[in-house]
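Please keep the model open in a viewer and make each selection in turn. The tour below states what is to be found at every stop.

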Amino acid sequence: MLQTELLQADDAGINRAAKLLKNGGLVAIPTETVYGLAADALNGPAVAKIFSAKGRPQDNPLIVHIAAWNQLADLVSEIPPQAEALAEKYWPGPLTVILPKSSKIPHEVSAGLNTVAVRFPSHPVARRVIQAAGTPLAAPSANLSGSPSPTCAAHVLDDMRGRIHAVLNGGDCEVGVESTVITLAERRPRLLRPGGITLEQLQTVLGEVAVDPAVLDRLAEGQKASSPGMKYKHYAPRAHVVLVKGSAEKYAAFLNMQQDKKVYAMCFDEDIPLLRVPFLSYGAKEDAARQAHSLFYDLRTLDDMGASTVYVHCPALNGVGLAVYNRLIRAAAFEIVEL
Ligand code: TXA
Ligand code: MG
């Protein structure tokens, strides 16, 4: 058991975090998407500790975080013009780009692939820690493997207390879901994971962008995952989650029929007046940014409220809604009720 330090995001806290990281330690840091569990990306044994702390499968590669454009060249074997164009428009920000890796990337980071995922976060605390550490940081979301990603320091501690050296408290994460992941390592750009930078935004820079089938559906038995993380059960709270498609009226009628007292609705604001079961709203129907912001926080809160089953009103599939839907179908293990 480690004694996990809780650090504040001031000069002293940031310097302490940087020192721990330089010495091969594990520190959870805030980013604009979710909290990341960071280690020195160029230190293979330090990165290996991330996998044991999270209980993460060894074949699931990590994202490398940088705090300046010129840190990219060392990490990849080429920078195609499309990567430059995306970086110019959306970095720093919630976008991860996959490129052919350089020989500097330890195999622990790339999990045996010949590519590396790179992201330049916009969160000022994340950027300061990377700069102070003087090295790019490998960081997956700072949750136990399979659980909802943490969007505040308290949720990091719930999962990681005693498993990591420190948590740097930077308050609540603004976006609330993990970064958009796109691969530019193949002939055509392909969206592997939707996030805060939308498919529509990527298309304005790149023109056509393919959408990996795993974004919207379950992988068929034996099908190879382009992004290994997409094949695992994910983002799931302890409660049984079911996604429900239908109008406000049908959704409310379906929930009001349920007998079990521990059934909760994770609904839109508009559903509230119609519901006669316990509920938690995750935003207005049209407000996908708010839904993304609340999603993981609310899934963990529903566990604390004692929910046994949570019926989530299904979001729209455009804009950031695609990211919300992508996380929810996994939290629900693809269990969807169509009314
Ligand atoms: O917003 C985020 O991206 C957060 C914060 C901390 O930056 N990080 C994050 O990391 O979500 P993680 O490890 O939870 O998700 C990374 C995803 C996984 O699905 C992984 O399989 C995929 O990116 N990935 C990483 N490297 C890859 C590669 N070289 N090729 C394909 N997929 C890759
Ligand atoms: Mg994750």
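Select Arg128 in this predicted model. Arg128 counts as partly exposed, because its relative accessibility is 36%, a value between the 20% and 50% limits of that class. Now add Asp11 to the selection: the two side chains meet in a salt bridge, with 2.5 Å from N to O. Arg128 belongs to helix H5 (residues 124-133) and Asp11 to helix H1, so the pair ties together parts that are 117 residues apart in sequence.

**Further salt bridges**

Stay with helix H1 and select Arg16, then Glu5. These two residues form a salt bridge whose closest N and O atoms are 2.7 Å apart. Arg16 is in helix H1 (residues 11-22) and Glu5 in strand E1 (residues 5-8), so this pair ties together parts that are eleven residues apart in sequence. Arg16 counts as partly exposed at 32% relative accessibility, and Glu5 counts as partly exposed at 26%.

Next, select Glu32 and Arg119. Are these residues buried or exposed? Glu32 is buried, with a relative accessible area of 5%, and Arg119 is buried as well, with a relative accessible area of 2%; the cut-off for buried is under 20%. A salt bridge connects Glu32 with Arg119, and its closest N and O atoms are 2.7 Å apart. Glu32 lies in the loop between strand E2 (27-29) and E3, whereas Arg119 lies in strand E6, so the pair ties together parts that are 87 residues apart in sequence.

Then select Glu186, Arg190 and Asp212 together. Salt bridges that share partners join these three residues, Glu186, Arg190 and Asp212, into one network. How many salt bridges are there by this rule? The count comes to nine.

**The nonpolar core**

Move to the interior and select Leu86, Trp91, Leu95 and Ile164. Of the 49 residues in the largest nonpolar core, these four, Leu86, Trp91, Leu95 and Ile164, touch the most other members. To see which elements supply this core, colour strands E3 (36-40), E5 (95-100) and E6 (115-119), together with helices H2 (44-54), H3 (81-90), H6 (153-160) and H7 (199-206); each of them supplies at least two of its residues. Which element gives the largest share of this core? Helix H2 does, with five residues.

**Backbone features**

Return to Trp91 and extend the selection to Pro92. The peptide bond from Trp91 to Pro92 is cis, with omega near -5°. Pro92 has its place in the loop between H3 and E5. As background for this stop and the two that follow, most residues other than glycine have a negative phi, and most peptide bonds are trans.

Select Ala111, which lies in the loop between helix H4 (107-110) and E6. Ala111 is not a glycine, yet it has a positive phi of about 50°.

Select Ala333, in the loop between helix H10 (321-331) and strand E16 (336-338). The phi of Ala333 is near 45°, again a positive value in a residue other than glycine. Ala333 is partly exposed, with a relative accessible area of 39%.

**A negative surface patch**

Turn to the surface and select Asp269, Glu270, Glu286 and Asp287. Together, Asp269, Glu270, Glu286 and Asp287 form a negative surface patch. Asp287 sits in the loop between strand E14 (279-281) and helix H9 (288-304), and Glu286 is likewise found in the loop between E14 and H9. How accessible are Glu286 and Asp287? Glu286 is exposed, with a relative accessible area of 70%, while Asp287 is partly exposed, with a relative accessible area of 33%. Membership of such a patch requires over 30% relative accessible area.

From Glu286, add Gly321 and draw a distance between the two C-alpha atoms. Glu286 and Gly321 are 35 residues apart in sequence and 9.0 Å apart in space, C-alpha to C-alpha.

**A last stop**

Finally, select Val242 in strand E12 (residues 240-245). Val242 counts as buried, at 1% relative accessibility. Add Gly196 and draw a distance once more: the C-alpha atoms of Val242 and Gly196 are separated by 23 Å, and the two residues are 46 residues apart along the chain.

Conventions:
Residues are numbered from 1 along each chain as its sequence is written. Chains are lettered from A and ligands numbered from 1 in the order in which they are written. This is a predicted model: local features need pLDDT of at least 70, side-chain atom pairs count only at pLDDT 80 or more; totals for chains, interfaces and linings use all residues. Side-chain values use heavy atoms; hydrogens and water are left out. Patches are made of residues with over 30% relative accessible area and no salt bridge: like charges are joined within 9 Å, nonpolar side chains (Val, Leu, Ile, Met, Phe, Trp, Tyr) within 5 Å. Accessible areas come from the Shrake-Rupley method with a 1.4 Å probe; for residues, only the protein chains shown count as cover. A salt bridge is a side-chain nitrogen of Lys or Arg within 4 Å of a carboxyl oxygen of Asp or Glu. Lys and Arg count as positive and Asp and Glu as negative; His and the chain ends are not counted. The place of a charge is taken as NZ of Lys, CZ of Arg, CG of Asp or CD of Glu. Helices (H or I, at least four residues) and strands (E, at least two) are DSSP runs, numbered from the N terminus. Buried means under 20% relative accessible area, exposed over 50%, partly exposed in between (1.4 Å probe, protein chains only). A nonpolar core is a set of buried Ala, Val, Leu, Ile, Met, Phe, Trp, Tyr and Cys residues joined through side-chain atoms within 4.5 Å.
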